[in-house]
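Hi,

Here is the structure I promised to pass on. Have a look at it first, and then read my notes below.

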Amino acid sequence: MFKTRTSKCIYKVVNTIVLFSLLILRTSQASNVSAEEVAQGDILYGVDYASEADAAPVFTDVPYSYWAWEWIETLYWNGVTAGCSTNPPMYCPEDAVTRAQMAVFLERGVHGSDYQPPVVGSSSGFNDVATSYWAAAWIKQLAADGITTGCGGGNYCPEDPVTRAQMAVFLLRAEYGAAYNPPAVGGNTGFNDVSNGYWAAAWIKQLAAEGITTGCGNGNYCPEDPVTRAQMAVFLVRAFYLPTIFHPACGDQNPGDLSEPGNPRNWTQYNALQPQITYDATNFRVFQTEMHNRIVTVAVQKELSLEDEFGIDRWQPEELARFVQKTWGIYWREFGGFPFESYTVVFGKGLSFERGGFGLGFGSSLLNSGWIAHEIYHAWNGNAFRQKNERFWYLEGVTTYYGNRQSTTPFEDSMRTFIGYYLDYYDSGKDRPIGDMSGNDPDYDHQFVAQKGAVIAYLIDLELHKTGHHLGEVSRQLYEKYGILSEGTPSNEEILAVINNVSGSDFTDFFNKYIYGMEKLPVTREQEVIWVCHE
Ligand SMILES: [Zn+2]
């Protein structure tokens with residue numbers, strides 16, 4: 001039976017300013033404000049940081065070798081499931097999803113993980129769902145939201161399994177509302193085993209068109225098969241854009257030992273200043289998580305409308321906080337540690353912080369998940385280490401590339417957009433060599449550097465991938481050498497040396513053509529974009 005979230009959750013709301021005052025807050029040098037923050041006027045303060053997920057799998061029956069473990073853990077970290085058992089923690093991935101369980105999953109997807117439906121009252125609205133039934137309130141709300149009308153005859157059939165065909169309808173209604181109807185099915189459904197005349201053909205075709213399903217293999221959808229809890233995790237993560245922990249294309253990954261903080265030798269310089277952050281439990285919702293004795297705090301101003309101010313559809317403050325916390329975790333994993341002891345992130349409207357934080361300022365300007373992820377990455381690339389003479393292609397290009405990887409916009413889509421931006425520059429004769437562009441240049445064009453730089457970062461990542469390596473290893477070596485060991489700031493030549501060291505091959509020609517020179521990058525608007533695994 002489905003269990004609601006338990007005390008196992010590490011996620012908690014801090015309701016008192018007292019806890020806030022226990023945090024050690026630090027800021028960095030005033031020079032570490034990246035150009036786009038100044039340009040956009042967004043404000044948020046990074047103060048310190050840290051946190052990461054436990055290295056062990058969350059559920060004992062979902063090891064890292066299980067095909068859907070990333071999806072299931074993503075569901076867990078987003079607070080949508082606590083599994084089918086808590087002691088030991090299990091998820092029961094092969095069990096069929098019942099219609100009662102589905103009601104809970106979908107309602108949490110629609111309304112947020114902390115959602116509780118109204119009390120059921122005197123009737124559930126269905127003959128076969130007693131008011132005392134464990135999921136009665138969820139089922140009643142699912143009907144109130146227009147996602148279900150039951151299974152016929154005034155019943156809901158709560159213990160029946162959900163078929164994959166039914167799930168297509170439920171998911172799309174949950175996503176778009178009760179009135180939604182998919183486009184006509186047209187010439188074919190795209191699946192061998194779903195004929196045009198099948199009752200759910202148009203729904204199944206639309207589910208595939210949205211990338212929520214790729215079928216059950218061999219060109220089939222298996223519409224009559226029951227949905228397993230593992231499959232349900234995939235459907236929910238995709239349908240509700242839950243921030244993922246790992247890209248599913250990368251297969252089995254072990255996060256490894258995350259216990260070492262990896263503080264740079266000079267981190268104490270950040271002790272010097274107290275940030276000008278003024279948030280409190282009255283005007284902010286404060287979320288705090290602690291992992292490996294590290295604390296990350298996210299404060300979201302209560303009057304802030306995330307949809308209006310940040311363009312983040314559907315996100316509640318909880319979702320925003322989880323996204324921030326998980327993004328820290330992913331970068332922590334990539335770099336093998338964090339340069340600071342704790343970190344506080346504040347989202348506020350019309351706040352006037354004194355500038356000087358190390359790169360996280362989310363205030364009045366429009367931001368999205370990619371930008372948030374971008375600014376978090378600057379805690380390493382831009383603050384712990386940055387490029388000599390503020391040449392920005394690695395600083396902003398690689399950071400932008402990581403923002404795209406972590407964004408809730410599919411990576412393939414955002415990279416194709418960036419390739420388009422670059423080609424627009426190229427086709428209009430505005431391309432320039434990127435290797436010596438500095439934020440101090442009078443004609444500095446941040447969008448150009450970020451966009452072309454992100455495409456170059458992607459190309460380097462692809463080249464590194466051919467040697468069995470990836471760009472994360474380069475950034476990590478740069479962080480260790482120039483951040484932790486404080487060996488100055490890297491020049492282009494020193495970055496090239498690190499790339500050559502990581503790959504065991506010579507990128508001199510690549511640098512001559514694309515970093516120092518302005519040979520046309522080997523990209524097209526139509527090209528396939530491939531996700532490069534970093535684990
Ligand atoms: Zn930046």
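What is the mean pLDDT of the chain, and what share of its residues reach 70 or more? This is a predicted model, and the mean comes out at 76, with 74% of residues at 70 or more. Confidence is highest in helix α17 (residues 508-516), at a mean of 97, and lowest in helix α1 (residues 17-22), at 20. Residues 1-55 have pLDDT below 50, and that stretch makes 165 contacts in the model beyond near neighbours in sequence. Another stretch to watch is residues 352-359, where pLDDT stays under 50 and the model has 32 contacts beyond four places in sequence. Where pLDDT is low, the coordinates shouldn't be read in detail.

Now for the helix pair I spent my time on. Helix α12 (residues 392-406) packs against helix α14 (residues 446-466) at an angle of about 70°, with the axes 7 Å apart, so the two are roughly perpendicular. On the α12 side, the residues involved include F392, W393 and Y401; among those they meet in α14 are V449, I456 and Y458. By class, this contact has 10 nonpolar, five polar and two charged residues.

As for α12 itself, its 15 residues reach 21 Å from first C-alpha to last, close to the 21 Å expected. All 15 of the 15 are buried, so α12 is largely enclosed by the rest of the structure.

One last spot: E307 in helix α9 (residues 306-310). E307 is exposed, because just 11 other C-beta atoms lie within 10 Å, and the cut-off for exposed is 12 or fewer. E307 sits 9.8 Å from N368, C-alpha to C-alpha, with the two 61 residues apart in sequence.

Cheers

Note on methods
Residues are numbered from 1 along each chain as its sequence is written. This is a predicted model: local features need pLDDT of at least 70, side-chain atom pairs count only at pLDDT 80 or more; totals for chains, interfaces and linings use all residues. Helices (H or I, at least four residues) and strands (E, at least two) are DSSP runs, numbered from the N terminus. A residue is buried if 20 or more other C-beta atoms lie within 10 Å of its own, exposed if 12 or fewer, and partly exposed in between; C-beta atoms are placed from the backbone. Axes are lines fitted to C-alpha atoms, for helices over the stretch in contact, and angles run from 0 to 180 degrees between N-to-C directions. Angles under 35 degrees count as roughly parallel, over 145 as roughly antiparallel, 65 to 115 as roughly perpendicular and the rest as oblique. Two residues are in contact if their C-beta atoms, placed from the backbone, lie within 7 Å. Ala, Val, Leu, Ile, Met, Phe, Trp, Tyr, Cys and Pro count as nonpolar, Asp, Glu, Lys and Arg as charged, and the others, Gly among them, as polar. The expected span of a helix is 1.5 Å times one less than its number of residues. pLDDT is the predictor's confidence in each residue, from 0 to 100.
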